[in-house]
Amino acid sequence: MSLSPLVPTPPPAPLVELENLTIRFTGERTVHAVNDVSLTLPEGQVLGLLGESGSGKSVTLRALMRLLPKKRTQIAGRVRVAGQDVLAMDDDTLSAFRGRTISMIFQEPALALDPVYTIGDQITESVVRHEGASQAAGRARALEMLELVRIPSAKRRLDAYPHEMSGGMRQRAMIALALACKPKILLADEPTTALDATVQIQILLLLRELQRELGMSVIFVTHDIGVAIEICDRVAVMYAGQIVETGTMSEIVRAPKHPYPRGLLASTVHGAKRGARLETIPGTPPSLAEKPNACSFAPRCTFAMPVCQERLPAPVELSPGRIVRCVLAQETVPVT
Ligand code: SF4
């Protein structure tokens, strides 16, 4: 009897694949919001998109659900989610895709939740619309979801309006709404920024717990590296519409290669010694009116050289999944 040779099983395709995503807003002025962004999200992981305001994080996130204004947005590149080409979907496919495959929680639940409907009605409506369930089944799911996100007296809260809840409870209700149709991927757009520190950590712990319990993949947008450290497995650091460094969270915390994440780390209290002076990154992010043709971080970078202003540094893959866009990519930039 002859044995057939062992054929290695190929790794599963990533749930999210962005390839050279480029997004430009047109109108009174042109904004090159996202430039040549490529990334992948494997199943069951939390990927952080980290960077300052205006770095393209939220725009990238919205592109995954096609939530950008049609008229003023030009999109190029490839967006594949759960094997589907998002940019090619017709309206019916897109509507079925949102909620069931992918869902989103926002920074400010007071604006995202509808003030004239109770929390229970909003969750029920989502389940009825996306799954074709009955009102009774939708209502039962709404109660199940409020219990899942640990809202006290969940049965009573079904009939509460958003304004009758605290900020932390509204955020839990929005998570319940986003998870109601059991999506494979959850997008979280700065979901803890508007909360005070104690509630922020409770929501982060809850998200981490739910992600593990439900086996979801999450893309978590934040400007706060301390928050990213708490929740993310991997991170993509964005600056001026580009990804400047990707890697596991621990790779980036222990040995950042790009001066921008190095500056972010040096400016956070997370892991800093008591009484130690925190650094700041001098200057401000550049205007996005022009497509970058040199390193966008050069005006703020203490390591800048003439070559950095002459051409756009190409992304360098140092190891699988560890990519850096800097001429110093092969050297370790020390964290002070
Ligand atoms: Fe600094 Fe040059 Fe690297 Fe840009 S390419 S981050 S300017 S060293």
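**Exercise 1.** In this predicted model, work out how many residues of strand β10 (residues 242-248) are buried, and what that says about its surroundings.

*Solution.* Start with the cut-off: a residue counts as buried when its relative accessible area is under 20%. Next, go along the strand: six of the seven residues of β10 pass that test, so the rest of the structure largely encloses it.

**Exercise 2.** Find the strands that pair with β10, and give the direction of each pairing.

*Solution.* Remember that strands in a sheet pair through backbone hydrogen bonds, in a parallel or an antiparallel way. Take β9 (residues 234-239): six bridges tie it to β10, and the two run antiparallel. To check one spot, look at A236, which faces T246 in β10. Now look at the turn: two residues lie between the strands of this hairpin, and A240 has a positive phi near 50°. Then move to β12 (residues 322-324), which pairs with β10 through two bridges, again in the antiparallel sense. Here E245 has V324 in β12 as its bridge partner.

**Exercise 3.** Which strands stand at the edges of the open sheet of four strands?

*Solution.* Write down the order first: β2-β1-β4-β5, with antiparallel pairing. β2 (31-41) and β5 (84-85) each have a single partner strand, so they are the edges, and one side of each has no neighbour in the sheet. Further in, β1 (residues 16-25) and β4 (residues 73-81) share eight bridges, and I23 sits opposite I75 in β4.

**Exercise 4.** Describe where the ligand sits and what surrounds it.

*Solution.* Place it first: the ligand is in the largest cavity. Then count its neighbours: 13 residues surround it, and the closest are C295, C301, C308, C326 and V327. Finally, sort that shell: twelve are nonpolar, one is polar and none is charged.

How values were computed. Residues numbered from 1 in each chain as written. Predicted model: local features only at pLDDT ≥ 70, side-chain atom pairs only at ≥ 80, totals over all residues. Heavy atoms only, no water. Near = heavy atom within 4 Å. 1 Å grid on protein atoms, 1.4 Å probe; cavity = no way out; pocket = protein on both sides within 12 Å on 5 of 7 lines; lining within 4 Å. Sits in = over half its atoms within 2 Å of the grid points. Nonpolar A, V, L, I, M, F, W, Y, C, P; charged D, E, K, R; others polar. Buried < 20%, exposed > 50% of the residue type's maximum accessible area, 1.4 Å probe, protein only. Pairing = 2+ DSSP bridges.
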